[in-house]
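User: Please take a close look at one part of this model, the place where the ligand sits. Put it in context with the loops and the empty spaces elsewhere in the fold.

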Amino acid sequence: MTGPVHIWHPFTQEALDPPPVMIERGEGAYLYTKDGRRLVDGISSWWVNLHGHGHPRIADAIANQARLLEHVVFAGFTHEPAERLASKLRAVTPRHLTHVFFSDNGSTAVEVALKMAIQYWQNMGEPERNRVIALDHAYHGDTAGAMALSADSPFTEAFDRLRFPVLRTHSAYCYRCPVGKTRDNCDIECLERLEDLFAEHDGEIAALIVEPLLQAAGGMIMHPSEFLTRAAEICHRNGALLIADEVLTGFGRTGTMFASEGAGVTADIMCVSKGLTGGFLPFAATFTTDEVYRAFRAADRTRTLYHGHSYAGNPLGCAAAVANLEIFETEPVFDRIRTIERIHRERLPLLAKLPLVGDSRMIGTVAAIELETDGPGYLSDMRLRLYNFFIEHGVLLRPLGNVIYILPPYVIPPEELHRIYDVIGGAIVEISEQ
Ligand code: PLP
């Protein structure tokens, strides 16, 4: 074979999918293609971008840091950007999460959380507490541990033998209620299974892991906040740790800085990534309490958390994250979030009247429309038809099977968000007529 090595793109099946679009430049909510088109980024480039592409404050912070120190091993060394980031994080993260461990993406933030939880109980002299409960429809990442925690799906099927056993409890997927209730006659009975699991596995549960309020990759499933608060209460009453995977929900996505905090829930471990650098660099953080940290602090080295990635604490990532948090301090970020919420609230009910629309839901800046389909969820061919329609109309949206969702950068101009709604309406009408 001559020429460059072939690039194997994620989630792509060359025989079925259109060729990748060459993007030359990004600015604000827009991506500019090499062949002269402009696409509005309706999914924040896989949910990472907050303040727009190419935000000069983050770009400058990275460039300046790169000239000073691009990287240094983080075991035994530290640097100014990491220390500055730790201070900035203190001001925005829940007060009880006083320790932070840096890694490099959402999956690794989850792997770290998992290891913290398991080793915490080992260090505390309760090694039999080594099982984890996760939710139906969960998605926690693509590495092996995170994949085990994620629900069965086409993403995990080929790797089933690699996945360690996880106890599964219901998700509050109200549109398809797992216990046959409707919101008006429900008292969150879907949590009974969680109670049962704790009773059946008394003293064996290390942690419950949740995507607080919003299960994203599982189909943009939005939970009543009571589900989260009561799940947290059950978890803590049974002595287990609560892990909040805020990889997507962190940094304002659900309308508050962190979803768990917005719901009044105190997690023992919290994972963030994606928006942490404003969408510029792969970087992640796993936070925990002093109580958990103290179980690792000892004169005995076997109690150490032996986990560390080559790029842990990368100074460029830290500098980008500091700049991201400065934007929260200096720009009207939460006003932008409120504007997006208002438009979702106004436009979603109109889409709900269209044919094929089974459910429409929103939380904070995220809106979702679930279309009725007889076919398989994620692998439904509706996905590709919708995707192509959106691209042809200058909009980047990647439906999760039959679930169309909007998850824009906070700087999206209001008229552009309205246009996205118009395009989605057009797509649904076209699909329903085929
Ligand atoms: N956790 C959640 C809730 C996510 O939504 C994702 C990614 O979508 C991950 C973890 C994994 O993050 P990454 O893709 O950066 O590994």
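Analyst: Ser-380 sits in the loop that joins β14 (366-371) to α12 (382-392) (helices are DSSP runs of H or I with at least four residues, strands runs of E with at least two, numbered from the N terminus). This is a predicted model, in which local features need pLDDT of at least 70 and side-chain atom pairs pLDDT 80 or more, while totals for chains, interfaces and linings use all residues. Residues are numbered from 1 along each chain, and side-chain values use heavy atoms, without hydrogens or water.

Ser-380 counts as buried because its relative accessibility is 7% (buried is under 20%, exposed over 50%, partly exposed in between; 1.4 Å probe, protein chains only). Its C-alpha atom is 29 Å from that of Ser-273, although 107 residues separate the two along the chain. Gly-313, in the loop between α9 and α10 (315-330), is also buried, since its relative accessible area is 0%. From the C-alpha atom of Gly-313 to that of Asn-402 the separation is 38 Å, with these positions 89 residues apart along the chain.

Now the ligand. Its shell consists of Trp-47, Asn-105, Gly-106, Ser-107, Tyr-139, His-140, Gly-141, Glu-211, Asp-245, Val-247, Leu-248 and Lys-274 (a heavy atom within 4 Å). By class, this shell holds four nonpolar, five polar and three charged residues (Ala, Val, Leu, Ile, Met, Phe, Trp, Tyr, Cys and Pro are nonpolar; Asp, Glu, Lys and Arg charged; the others, Gly among them, polar). Three side chains make polar contacts with the ligand (N or O pairs within 3.5 Å). Ser-107 places a polar side-chain atom 2.5 Å from a ligand oxygen, and Asn-105 does so at 3.4 Å. On the nitrogen side, a ligand N atom lies 2.7 Å from an N or O atom in the side chain of Asp-245. The ligand alone exposes 390 Å², of which the protein buries 84% (Shrake-Rupley areas, 1.4 Å probe).

The empty spaces come next. The largest pocket has a volume of about 960 Å³ and 35 lining residues, with Phe-74, Val-100, Phe-101, Phe-102 and Tyr-293 nearest its centre. On a 1 Å grid over the protein atoms alone, a pocket is an open set with protein on both sides within 12 Å along at least five of seven lines, a cavity is where a 1.4 Å probe fits but cannot get out, and lining residues have an atom within 4 Å of a point. Points join across faces, edges and corners, and volume is the space filled by probe spheres on them.

α3 (80-92), β4 (99-103), β12 (284-288) and α9 (290-294) each give at least two residues to the pocket lining; the largest share, five residues, is that of α3. The pocket lining splits into 18 nonpolar, 11 polar and six charged residues.

The structure holds one cavity of 30 Å³ or more, and the largest cavity has a volume of about 120 Å³. Cys-174, Cys-177, Lys-181, Arg-183 and Cys-186 are the closest to its centre among 14 lining residues, and the cavity lining comprises 10 nonpolar, one polar and three charged residues.

Two backbone angles remain. Leu-213, in the loop between β7 (205-210) and β8 (214-215), has a positive phi near 65° and is buried at 9% relative accessibility. Phe-11, in the segment before β1 (23-27), has phi near 60°, likewise positive, and is partly exposed at 35%.

Methods:
Polar contact = N/O pair within 3.5 Å; in protein donor to acceptor, adjacent residues only side chain to side chain.
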